[in-house]
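Biologist: I'm new to this one, so could you walk me through it? Let's have it on screen before we start.

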Amino acid sequence: MNIAQKATCVSLILSVMTRGAAVHAQVPPATTVPPPVLGQWVTKNHKGVFEITRCGDHLCGKLVGLNYSDDIPRDQTGRSECGLPMLRDFVPDPDQPDRWNGSILDPNTNHVYQARMWVNQSGQLKLRGYLGIPMFGQTQTWLPYRGHIGPNCKMST
């Protein structure tokens, strides 16, 4: 290969590389896509609605809607459950990027458990609370909430 052919070859390689870099630079990073777990979710017994949001570089969730008829439900310490942060410090699972690991508070016992959450192919949120390893836990299925939440976290019925 003579010098002119080498120069043409290098020019062609650089051209392909810079076009590829330009195309690559136009693709937004994966972190700009909001995780599907964000939003409002109604619990399996339809007695509560959780709102999952970003909290810095973590995800968190609080109880924003309750289905009650008399007094607003309270936790073990007497605090209103309305606005109670129960899902804490969720970060992407390093082995399964569509899943998030964090902790969940049980307001009835004030215990905090490890938890994992994800959205399945049907659009349902799966939340698994466990002790130690996920095998020793329980999974709940929550659905997207499309209703209205009124004053004092009162859910529409």
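Modeller: One term before we dig in: a nonpolar patch is made of Val, Leu, Ile, Met, Phe, Trp or Tyr residues that each have over 30% relative accessible area and no salt bridge, with side chains joined within 5 Å. Also keep in mind that this is a predicted model.

Biologist: Which residues make the nonpolar surface patch of about 350 Å²?

Modeller: Take M135, which sits in the loop between β7 and β8. Its relative accessible area is 61%, so M135 counts as exposed. Together, the residues making the patch are I133, M135 and F136.

Biologist: Now the inside: how many residues are in the largest nonpolar core?

Modeller: In soluble globular proteins, nonpolar side chains tend to be buried together. Here, I52, L87, F90, M117, L125 and L127 have the most contacts inside the largest core. Strands β2, β3, β4, β5, β6 and β7 each give two or more residues to this core. Its full count is 22 residues.

Biologist: And which residues does the second, separate core include?

Modeller: That core has five residues. Among them are V42, V64, Y145 and M155.

Biologist: Back to L125: which residues is L125 in contact with, leaving aside neighbours within four places in sequence?

Modeller: L125 is one of the residues with the most contacts inside the largest core. With those sequence neighbours set aside, the contacts of L125 are V37, W41, I52, M117, W118, V119, Q140, T141 and W142.

Biologist: What about charges: which residue forms a salt bridge with R79?

Modeller: A search of the whole structure turns up two salt bridges. In this one, the closest N and O atoms are 2.8 Å apart. R79 has 43% relative accessibility, so R79 counts as partly exposed, while its partner has 7% and therefore counts as buried. That partner is D75.

Biologist: How many residues apart are R116 and D93?

Modeller: The side chains of R116 and D93 meet in a salt bridge at 3.2 Å, N to O. R116 is in strand β6 and D93 in the loop between β4 and β5, so to speak a link between distant parts of the chain. R116 and D93 are both buried. Along the chain, the pair is 23 residues apart.

Biologist: Last one: is Q138 buried or exposed?

Modeller: Q138 lies in strand β8. Leaving aside neighbours within four places in sequence, Q138 is in contact with K44, L127, R128 and G129. Even so, its relative accessible area is 52% and the cut-off is over 50%, so Q138 is exposed.

Note on methods
Residues numbered from 1 in each chain as written. Predicted model: local features only at pLDDT ≥ 70, side-chain atom pairs only at ≥ 80, totals over all residues. Heavy atoms only, no water. Core = buried A, V, L, I, M, F, W, Y, C linked by side-chain atoms within 4.5 Å. Buried < 20%, exposed > 50% of the residue type's maximum accessible area, 1.4 Å probe, protein only. Helix = DSSP H or I, 4+ residues; strand = E, 2+ residues; numbered from the N terminus. Contact = heavy atoms within 4.5 Å. Salt bridge = Lys/Arg side-chain N within 4 Å of Asp/Glu carboxyl O. Patch = residues over 30% accessible without salt bridge, like charges linked within 9 Å, V, L, I, M, F, W, Y side chains within 5 Å. Areas by Shrake-Rupley, 256 points an atom, 1.4 Å probe, with all protein chains shown as cover.
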